[in-house]
Amino acid sequence: QEEEREETEEEREAREAEERERSREYLNWRRDLDHLKRQHEGTMADSDKLKKQGNDFFSLGLYSQASLLYSEAIELQPENAVLYCNRSMAYLKQDMPLEALEDAEKSLEIDNSLVNIKAHWRKAQALHDMSRWEESVAAAETGMVLQPGNAHLNRIRKKARESVALRQLTQFEWVGKIQHGIEKRMRFEKDGSMLMTVFGHKVMSTFDLSVECTPQSMLVKMKPDGPGGAGPPPPPMPYIFEFHDDGKELWLCHPVGTSDLPTRFDGPGFDRLRQASTVAIEDIEEMRGEPLDSRCAAYMREMNDAMPLNPPQLPAQPNEGDINAEMVLMDKMSKMRHRFGMDVHKRSLELARDPALADDTELKELATGLQRRYVSRKILPRSVLDGSTVPKANGEQQQAASGSQHHAAGDPQLQSQQQRQTTLKRPVGSGRCLGGVLARLCGN
């Protein structure tokens, strides 16, 4: 066996130099890693402070301020599912379901597990508030796969199912034939009232839906049928109902000779009704109304008048006057969104994202004003301003030039920095029913 060769002086120096270089590289790597960790920890700490302040504002009912703080935190932690979920709820509280849906979906994109079950509820609620009820049912059921007993998801699914059934019932007047070929008409209203017309005789009723069973059912209560409406009302009548032929046909069945709810559509209590018109009632009403962009102009004008160009920068502990002023403003804007409707809000948000879509100068100016207000509140990203070329309205020029403090607030980026600094520094009877014709309707 050959003896091991001794290391030469030159080889030893080369080996030691290589070890020193590896040591330097490791130390540099450790320093960079420690620096990144400190940066990350600092970012998380700032984000947590902003989230906590947002939660505090939310608990006071200051939902607009809360959503602004959550937006600040999201800028520091853009992959935090909880922040998007929290901001989604703040938007829901402000009757802003479009924005709430976007945040709920982003939250679920990051984390769709049981841990983030609230985001499933936020999504279902936002879809319900946008009248996308079938999608709301599906979103709720997706969450219920993870947690079947979740009360919020069960409740919103029930509401969405009721809304689907109510839309189908109220969308058209229904007409059919009963005994001896006599025509029967039924008109359901969204407020739960119903009008039955038989033989020219009108019977006013109310109805309550039950949608968690198959088939679905309703309880119909007729109003008093005596002279002047003073007689005793007929007993409440339960019906099962289903839609057929792509919603063009309504099947109804009530019990005869018993008070038990039917389980099948047959027998003497079974009626088939068809749509009385091919055009929905709400479509007829909408055709008589103003064009959408005209309504959007009125909506954006009111919004711009009501909403300051920049949001107030409230302290961590706002006083009663601050809270009341913010509450009044939120209530005013919420009522505006309800009064003008979701189609108008959706189109106005579209125009605010890109005012160039507006057909005329006035609409473009209004959209630009709304855009600036939404950017300063971080409802829209600052990047949308790049496409805005319309000059400020006179009122906005005066507001932007009213002093150095207001000038700073007019810049959403600078206002964002100030907001962050400020926040981080501050700790039955019988019915009288036209012989045998209406007796069947009343179940007698």
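Here are some notes on the helix packing and the barrel in this predicted model.

1. Start with α3 and α4. Helix α3 covers residues 81-93 and helix α4 covers residues 97-110; their axes come within 8 Å and cross at roughly 160°. Anything over 145 degrees counts as roughly antiparallel, and α3 and α4 are therefore roughly antiparallel to each other. The hand of the α3 and α4 crossing is left-handed.

2. Who makes that contact? On the α3 side you'll find Ala81, Tyr84, Cys85, Arg87, Ser88, Tyr91 and Leu92. On the α4 side they are met by Pro97, Glu99, Ala100, Asp103, Ala104, Lys106, Ser107 and Ile110. By type, the residues of the α3 with α4 contact split into nine nonpolar, two polar and four charged.

3. Next along is α4 against α5. Helix α5 spans residues 117-129, and α4 packs on it at an angle of about 150°, with the axes 8 Å apart. That angle makes α4 roughly antiparallel to α5. Here, too, the crossing of α4 and α5 is left-handed.

4. For the residues at the α4 and α5 contact, look at Pro97, Ala100, Leu101, Ala104, Glu105, Ser107 and Leu108 in α4. Their partners in α5 are Ala119, His120, Arg122, Lys123, Ala126, Leu127 and Asp129. The split for the contact of α4 with α5 is eight nonpolar, two polar and four charged. Pro97 is worth clicking on: this α4 residue takes part in the contact with α3 and also in the one with α5.

5. A quick word on Ser47, which sits in helix α1 (residues 9-59). Is Ser47 buried or exposed? With a relative accessible area of 1%, Ser47 is buried, because the cut-off for buried is under 20%. Leaving aside residues up to four places away in sequence, Ser47 touches Ala73, Leu76, Gln77 and Leu83. Leu83 belongs to the stretch 81-93 that forms α3.

6. Now the barrel. Eight strands form a closed barrel in the order β1-β2-β3-β4-β5-β6-β7-β8, and the pairing is antiparallel. From one strand to the next, the twist averages 30°.

7. Helix α7 (residues 151-170) lies across several of these strands: β1 (174-177), β2 (183-188), β4 (201-210), β5 (216-222), β6 and β7. Against β4, α7 runs at about 160°.

8. Strand β6 (residues 237-244) deserves its own point. On one side, β5 and β6 pair in the antiparallel sense over five bridges, with Gln216 standing opposite Phe241 in β6. There are also five bridges joining β6 to β7 (residues 249-253), again antiparallel, and Glu242 stands opposite Trp251 in β7. How much of β6 is buried? Six of its eight residues are, so β6 is largely enclosed by the rest of the structure.

9. Last, the turn between β6 and β7. This hairpin has four residues between the strands, and one to check by eye is Asp245, which takes a positive phi near 55°.

Methods
Residues numbered from 1 in each chain as written. Predicted model: local features only at pLDDT ≥ 70, side-chain atom pairs only at ≥ 80, totals over all residues. Heavy atoms only, no water. Axes fitted to C-alpha atoms, helices over the stretch in contact; angles between N-to-C directions. Helix = DSSP H or I, 4+ residues; strand = E, 2+ residues; numbered from the N terminus. Parallel < 35°, antiparallel > 145°, perpendicular 65-115°, else oblique. Left-handed = near helix turned anticlockwise from the far one by under 90°. Contact = heavy atoms within 4.5 Å. Nonpolar A, V, L, I, M, F, W, Y, C, P; charged D, E, K, R; others polar. Pairing = 2+ DSSP bridges. Buried < 20%, exposed > 50% of the residue type's maximum accessible area, 1.4 Å probe, protein only.
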